[in-house]
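Reader: Pick one spot in this predicted model and take me through it closely, please. Then work outward to whatever else deserves a look.

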Amino acid sequence: MTMAAVIESRVTETRAQAEATRVADVAVFRDITAAEQTWRSLEGPGSVLTPYQRFDLLANWQNHIGTKTGVEPIIAVARDAHRQPLMLLPLGIQRDHGIGIASFLGDKHITFNMPICRRDFLATATRGDIDSVLDTLRAPALAIDALALVRQPRHWQSLANPMALLPTQAAVNGCPLMAIEVNAAPTALISNSFRRRLKSKEKKLQALPGYRYLKAETDADITRLLDAFFTIKPQRMALQKLPNVFAHPGVENFIRGACHTALPDGGHAIEIHALVCDEEVIAIYAGVADGDRFSMMFNTYTLSAIAHFSPGLILMRYIVDHYAALNYSAIDLGIGSDEYKRLFCKSDEPIFDSFIGLNARGKMAASGLSAMAHLKRLVKQTPALMKAAQTIRGSLNR
């Protein structure tokens, strides 16, 4: 083969590869069930997604919460020239003063938001590809004025989030992260001195009949732990002068449904870890896992006197060791900078927001949403302003 033929062959191959990962058209599903087959086809090893964007989790959310709060699904699927899905963007639209704002499904119940993408698409995605999706979302029939795409990780599984090609700003809150090196020694994750302190405290718990660490697998265990959670958590939030967000319409049913939903490859849409004894549930941490990262969603611990022995920290130690043994690469403890999180997490997941106007009215709305997010971030990062905000919130919730 001549040199010219070799070059032509390589150019043809490169062109074919580019065409295979280029957005040719965008389909939009207005019903989450209608999108199920396409959605599940993108959940295999050839794709990248956070466990928060699994169909089983977000279908539970939409059925129990989204429908009750007026969220209408807008599932955009970018496809290649052969009509094979490249990327799925799971959005929902709500009307606020006549303005249609589309956001990721899941609202505040979801820590991370990101489209589901084919791996080969992520390697070649361009701003033009993302603009093709936005152009479709501008269709008058969809009545979307602006996009509010918040809490997005810049990378997932070391691959760039293509939505970062749009204008971005730092998210309001950070997310504490524990990176786990391959074959890391337990003491590299939690120091010997901290382990000794926790072991000393745990001796008090080990005297309780039936004391044990538990990762819930059976429906009976899941039900017992959730019954305890929905009893203890509202009381804890009342003591902190916080509103009970778990009492909002559909929230309890969403959590119960997701915790009981078994995934095709094992585990559950939401996994629960706990310390229990015969008499009571001592501590609970629940979150999502995908074989690479565990991401915490909610937690609580007993109101009894044994809370003095730090059962939440002891449970966290079990969780760290559990996922390290499974060769996970990271654990995150959810949005927010609570002090206990810094005992385990020494870094933060870089996350961003994007507010995009799709028309003239939407650009004004996006500008307002962006400014509001900037202000919230300023308050969160300024101790004096944060203290004032907490004081005001406490008095409003009395």
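Author: Let's start at Arg83, which sits in the loop between strands β3 (72-79) and β4 (85-96). (Helices and strands here are DSSP runs, numbered from the N terminus: H or I with at least four residues for a helix, E with at least two for a strand.) Arg83 isn't a glycine, yet its phi is positive, at about 65 degrees. With a relative accessible area of 51%, Arg83 is exposed; exposed means over 50%, buried means under 20%, and partly exposed is in between, using a 1.4 Å probe and protein chains only.

Before going further, some ground rules: this is a predicted model, so local features need pLDDT of at least 70 and side-chain atom pairs count only at pLDDT 80 or more, while totals for chains, interfaces and linings use all residues. Residues are numbered from 1 along each chain as its sequence is written, and side-chain values use heavy atoms, with hydrogens and water left out.

Another non-glycine with a positive phi is Gln157, at about 50 degrees. Its loop runs between β8 (155-156) and β9 (159-160), and at 29% relative accessible area Gln157 is partly exposed.

Now for the inside. Ile116, in strand β6 (residues 116-118), is buried at 0% relative accessibility. Leaving out neighbours within four places in sequence, Ile116 is in contact (heavy atoms within 4.5 Å) with Trp39, Leu42, Ser47, Val48, Leu49, Gln53, Leu86, Met87 and Leu88. Trp39 is 77 residues away from Ile116 in sequence, but their C-alpha atoms are 8.4 Å apart.

Trp39 turns up again in the largest nonpolar core, where it is listed with Leu137 and Leu147 as having the most contacts inside. This core has 82 residues; a nonpolar core is a set of buried Ala, Val, Leu, Ile, Met, Phe, Trp, Tyr and Cys residues joined through side-chain atoms within 4.5 Å. Helix α8 (residues 219-239) gives the most to this core, with eight residues. Another core, of 29 residues, lies apart from it, and includes Leu198, Tyr211, Met296 and Leu315.

What does Leu137 touch, not counting residues up to four places away in sequence? You'll find Ile74, Ala76, Leu89, Leu91, Leu142, Ile144, Leu147 and Leu358 around Leu137.

Arg317 makes a nice contrast in residue type. Placed in helix α10 (residues 311-325), Arg317 is charged but counts as buried at 9% relative accessibility. Sequence neighbours up to four places away aside, Arg317 touches Ile190, Arg195, Leu198, Lys199, Glu202 and Phe344. Leu198, one of those partners, is also a member of the 29-residue core.

Helix α9 (residues 251-260) is mostly covered, with seven of its 10 residues buried: Val251, Phe254, Ile255, Arg256, Gly257, Ala258 and Cys259. Among the elements covering them are α3 (55-66), α8, β13 (271-276) and β15 (293-301).

The loop between α9 and β13 holds Asp265, which is exposed at 67% relative accessible area. The C-alpha of Asp265 lies 34 Å from that of Arg127, 138 residues away along the chain. Asp265 is also one of the residues nearest the centre of the second largest pocket, along with Arg54, Ala289, Asp290 and Gly291. A pocket is an open set of points on a 1 Å grid over the protein atoms alone, where a 1.4 Å probe fits and protein lies on both sides within 12 Å along at least five of seven lines; lining residues have an atom within 4 Å of a point. This one is about 520 Å³ in volume, the volume being the space filled by probe spheres set on the points, which are joined across faces, edges and corners. Its lining has 26 residues, split into nine nonpolar, nine polar and eight charged. Nonpolar covers Ala, Val, Leu, Ile, Met, Phe, Trp, Tyr, Cys and Pro; charged covers Asp, Glu, Lys and Arg; polar is the rest, Gly among them.

Finally, the cysteines. There are zero disulfides here, a disulfide being a pair of cysteine sulfur atoms within 2.5 Å. For Cys175, the closest cysteine sulfur, in Cys345, is 7.7 Å away, too far for a bond. Cys175 is buried at 0% relative accessibility, and Cys277 is buried too, at 3%.
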